[in-house]
Amino acid sequence: MAPGDVPVVELPSTPCSAAELVALRNGRYVPLFGHGAQPAEVRRALSLARRALASNADPRAMDHALTLLVHPGVGAEPLRHLAQAAAEGLAPHWATALVLGLAGMLGASDALRAEVARAFKSVGSLSTEVTLACHAGGGDLNAWRDHYQELRAADAEDPPVRAVSVARRWYDFVLARRWAGLDGMRALATDALDPASQWLAASADWISGEERSRARMTDLAQAVLGPMQRPYPRFAQVVAREMVELLAHPLTLRWEHLRCAASRDHASVAIRAWLHAAAEERFFDEPDAGPAEFGELGPEPSRAGRAAAESRQLAGDFLLDWFVPEREARAAVDDWARTTLKVYHRLRGAMLAEVALRGARADGIRVDEPMKEGPA
């Protein structure tokens, strides 16, 4: 294909042509709001969401829409300008919710979702969504502990955000295998929370053995998906397929989770015993130290023990609690947690998209009107 045959894509067609696919892969496209916070760009964002999640969408339309969120050359800079324009009243306030919601609905990776969310840090109405989009992740790069520490820091703010507290306690129970996290989640009175947070809490109940939570997860997901059925029919199919994957084989997953908890307990007890012995201040060259007993740790392990103790303190004791030598059981639970968080962010994105669609309708924009085909 000659370079002159590759277009500059603004809105991929259905189905996506070979020339458009080459353009998307080589950065020959205009990211969302690349022309500024103009009404035409707002309509393009709505059209992109509709085209990616329509019933007759291209099989890879969701991936193409994710590509258009940011650009390798300018990153999320157009989205930061959108946030500034919305704060100044030059763009509709719901446009920022639409873009962040679109990132969640389309299943963006942790890195991409966080990049989009950080562009909207200045939008006060999205502060909770930005925090969850940035910190409730870790499955893509197995960076669970890092994201947990970020959630802990966010949950320590005064006053605490209940949706963030639910996510933090979900990490406590599902990934750190602390049953106190489940008790704390139930004590939060999750019925007063948003549907996505209720759904996440119900998933923790499900993995703990509460059978009624299966129906609750289904009902909560349907409540979120209901308003999305007409404008975005494909979205419900995607969530339903992932829900089936999540709720399959409950006894096997619960057994693996219990294996992780038991392994964590045994390993943490052993490591803490070693740390206690290794970190003791004792120097054998002192006159009154006496002869070292057989099996006693020497100075070198003591230095290693002190370093490990410092790392444990920095991690707030979470480092040892996460340690699970049962790799097969840990991998099964991690895979389930990864899919659970993806569905969770899809549901949060759907709630944001619903807010955006209501705002668009209030502004007289027909979100269900037919869209033009082909690149701009």
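Let's start at one residue. His35 lies in the loop between H1 and helix H2, which spans 39–52. His35 is partly exposed, with a relative accessible area of 41%. What does His35 touch, leaving aside its neighbours within four places in sequence? Three residues: Glu10, Val30 and Glu41. Now look along the chain to Pro78. That residue is 43 residues apart from His35, yet their C-alpha atoms are separated by 8.1 Å.

A word of caution before we go on. This is a predicted model.

Now step back to the whole protein. How many helices and strands are there? The protein has 17 helices and zero strands. It has 376 residues, and 51% of them count as buried. About 17900 Å² is exposed, and carbon and sulfur atoms supply 54% of that. Next, contacts between residues at least 6 apart in sequence. Of these, 69% join residues at least 24 apart.

On to the inside. The largest nonpolar core holds 110 residues. Which of them touch the most other members? They are Leu69, Val116, Phe120, Trp170 and Trp199. Helix H17, residues 327–362, gives the most to this core, with 15 residues.

Take Val116 from that list. Set aside residues up to four places away in sequence. Val116 then touches Leu69, Val70, Leu79, Val99, Leu100 and Ala103. Keep Leu79 and Val99 in mind. They come back in a moment.

Here is a helix pair. Helix H4 covers residues 77–87, and helix H5 covers residues 94–105. Their axes come within 9 Å and cross at roughly 150 degrees. Angles over 145 degrees count as roughly antiparallel. H4 and H5 are therefore roughly antiparallel to each other. Who makes the contact? From H4, it is Leu79, Leu82, Ala83 and Ala86. From H5, it is Ala95, Thr96 and Val99. So how do these residues divide into nonpolar, polar and charged? Six are nonpolar, one is polar and none is charged. And there are our two residues again: Leu79 on H4 and Val99 on H5, each touched by Val116.

Just ahead of H4 sits another histidine. His71 is found in the loop between helix H3, 61–67, and H4. Is His71 buried or exposed? At 16% relative accessibility, His71 counts as buried. The cut-off for buried is under 20%. Not counting residues up to four places away in sequence, His71 touches Gly27, Tyr29 and Pro31. Leu24 is 47 residues apart from His71 along the chain, and their C-alpha atoms are separated by 9.8 Å.

Next, the backbone. Most residues other than glycine have a negative phi, and most peptide bonds are trans. This model has some exceptions to show you.

Two cis bonds to look at. A cis peptide bond joins Thr14 and Pro15, with omega about -5 degrees. Pro15 lies in the segment before helix H1, 18–25. Another cis peptide bond joins Asp158 and Pro159, with omega about 0 degrees. Pro159 is in the loop between helix H8, 144–155, and helix H9, 162–175.

Then phi. Asn142 is not glycine, but its phi is positive, near 55 degrees. Asn142 sits in the loop between helix H7, 127–135, and H8. Phi of His249 is likewise positive, near 55 degrees. Where is His249? Find it in the loop between helix H13, 233–247, and helix H14, 250–278. His249 is exposed, with a relative accessible area of 61%.

Two last stops. The first is Ser213, in helix H12, residues 212–225. Ser213 is buried, with a relative accessible area of 3%. Leaving aside its neighbours within four places in sequence, Ser213 is in contact with Ala202, Asp205 and Trp206. The C-alpha atoms of Ser213 and Ser203 are separated by 7.0 Å, and the two are ten residues apart along the chain.

The second is Ala189. Look in the loop between helix H10, 179–186, and helix H11, 195–208. Ala189 is partly exposed, with a relative accessible area of 46%. Arg162 is 27 residues apart from Ala189 along the chain, and their C-alpha atoms are separated by 9.6 Å.

That's the tour. Thanks, everyone.

How values were computed:
Residues are numbered from 1 along each chain as its sequence is written. This is a predicted model: local features need pLDDT of at least 70, side-chain atom pairs count only at pLDDT 80 or more; totals for chains, interfaces and linings use all residues. Side-chain values use heavy atoms; hydrogens and water are left out. Axes are lines fitted to C-alpha atoms, for helices over the stretch in contact, and angles run from 0 to 180 degrees between N-to-C directions. Helices (H or I, at least four residues) and strands (E, at least two) are DSSP runs, numbered from the N terminus. Angles under 35 degrees count as roughly parallel, over 145 as roughly antiparallel, 65 to 115 as roughly perpendicular and the rest as oblique. Contact means heavy atoms within 4.5 Å. Ala, Val, Leu, Ile, Met, Phe, Trp, Tyr, Cys and Pro count as nonpolar, Asp, Glu, Lys and Arg as charged, and the others, Gly among them, as polar. A nonpolar core is a set of buried Ala, Val, Leu, Ile, Met, Phe, Trp, Tyr and Cys residues joined through side-chain atoms within 4.5 Å. Buried means under 20% relative accessible area, exposed over 50%, partly exposed in between (1.4 Å probe, protein chains only). Accessible areas come from the Shrake-Rupley method with a 1.4 Å probe; for residues, only the protein chains shown count as cover.
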